[in-house]
Amino acid sequence: MAAKSARKTAAAKPKPKPAATPRKPRRKKAAPQSRGLSPADVASDSVEYPTDILDAVREDGGEVLGVYREPLGGHPVVLAVLPIDKVEPTPYQRDLSEPHVKRLASAMERLDRFLDPVIAVRKDGRYWTPNGNHRLHASKLLGAKSIIALLLPDEDVAYQILALNTEKAHNLKERSLEVVRMYRGLVGAGRAGAEKSFAHLFEEPAFITLGAAYEQRPRFSAGAYHPFVKAVEDFLDLPLDKALAVREARAQKLLELDDAVVAVVNALKEKGMQSPYLKNFVVGRINFLRFRKGTSKPDFDDTVGKMLASALKFNLDSVKREDIGRMGGGPLEPDEEHA
């Protein structure tokens, strides 16, 4: 009886809840018309505009249409028309979507107007646009001679504007590749500082590692791995060039894990189990982090190593059709549909 009572007491004892992840403080709503410039201030010529940019535009065959101060922070902006053959995308942004270009060109042709200026920065006599690649190529497809641009005097803004790009929604592959290309651009430019000091440009550290994996394997389907990579990654306190080497090594470990997971997926398919979420199912089975308690961040190499070991000894006989039937998720990345 005493043992039975003890078991009841143990069963009744509530289990400790895992520590909650601290939430970011909610942004307070600003008071109406409490920030920025008035229309008169935006149009004021009292600010000193970058005359070297104005002269360069004319030397490059373009024309300055006007100058103003943008209304939020008061930074100078040059409204210019540029020779279209001197405008190109930044070398580190996402790949072009040809269908999107064709749809955009058709819409522009029907309207017979180009109304949405691209943003540009001048770089070695050329003009980089960090957010207008599809509009630029649509204009070229239509045979345009020139393009309207909001020209910014600060080249570094091009890196930051990529995070604001809403011309076409990013999927995981596009965002990851964009981040790692930006990363390589910063390394190539000899930018000093630790990786973590550029966190505002990269958004989340997982994008860097996944981007490096996509570079090595374009058909890599990162959607199944992103949740746990996001949980174990953090920005590194290393110089960019040294941190990039760490990212590339981690990407290679992810691809080794992917090889093992794909082998399991193929074996399940041979047993007659079919589902677009097979890879997510396998990764979910070997992801021991779902049982983790506490708030300390797990080690990347240790996590991937344990998951790889689990994948290599995966018990196919333990999988039931109803297990996979219960598996679901959000929309798949394009490459995951065929993984």
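Student: Within how many Å do the axes of helix α9 and helix α11 come, and at roughly what angle do they cross?

Tutor: Keep in mind that this is a predicted model. In it, the axes of α9 (residues 205-216) and α11 (residues 240-270) come within 8 Å and cross at roughly 65°.

Student: What makes α9 roughly perpendicular to α11?

Tutor: The label covers angles of 65 to 115 degrees. The crossing is roughly 65°, so α9 counts as roughly perpendicular to α11. The crossing of α9 past α11 is right-handed, by the way.

Student: How do you know which residues of α9 and α11 meet?

Tutor: Heavy atoms within 4.5 Å count as contact. On the α9 side that gives Pro205, Ile208, Thr209, Leu210, Ala212, Ala213 and Gln216. Their partners in α11 are Arg247, Glu248, Arg250, Ala251, Gln252, Leu254 and Leu255. Sorted by type, the residues of this contact are 8 nonpolar, 3 polar and 3 charged.

Student: Let's move to the rings. How many aromatic pairs are there?

Tutor: The count comes to 5. One of them is formed by Tyr183 and Phe202.

Student: Why is the pair of Tyr183 and Phe202 called stacked?

Tutor: Take it in two steps. Ring centres have to lie within 6.5 Å to make a pair, and these are 5.0 Å apart. Planes under 30 degrees apart count as stacked, and here the angle is 15°, so the pair gets that name.

Student: What does the pair tie together?

Tutor: Tyr183 sits in helix α7 (residues 172-188) and Phe202 in helix α8 (residues 199-202), so the pair links parts 19 residues apart in sequence.

Student: Now the sheet. In what order do its strands come?

Tutor: There are 6 strands in an open sheet, ordered β1-β2-β6-β4-β5-β3.

Student: Why do β1 and β3 stand at the edges?

Tutor: Each has a single partner strand, so β1 (63-69) and β3 (87-89) both have one side without a neighbour in the sheet.

Student: What makes the pairing in this sheet mixed?

Tutor: Look at the partners of β6. Strands β4 (residues 118-123) and β6 (residues 146-152) pair in the parallel sense over 4 bridges, while β2 and β6 run antiparallel and are joined by 6 bridges. With both senses of pairing here, the sheet is called mixed.

Student: Which residues of β6 stand opposite Ile119, Val118 and Val78?

Tutor: Ile119 stands opposite Leu150, Val118 opposite Ala149, and Val78 opposite Leu151.

Conventions
Residues numbered from 1 in each chain as written. Predicted model: local features only at pLDDT ≥ 70, side-chain atom pairs only at ≥ 80, totals over all residues. Heavy atoms only, no water. Pairing = 2+ DSSP bridges. Helix = DSSP H or I, 4+ residues; strand = E, 2+ residues; numbered from the N terminus. Axes fitted to C-alpha atoms, helices over the stretch in contact; angles between N-to-C directions. Parallel < 35°, antiparallel > 145°, perpendicular 65-115°, else oblique. Left-handed = near helix turned anticlockwise from the far one by under 90°. Nonpolar A, V, L, I, M, F, W, Y, C, P; charged D, E, K, R; others polar. Phe/Tyr/Trp six-rings, centres within 6.5 Å; stacked < 30°, edge-to-face > 60°.
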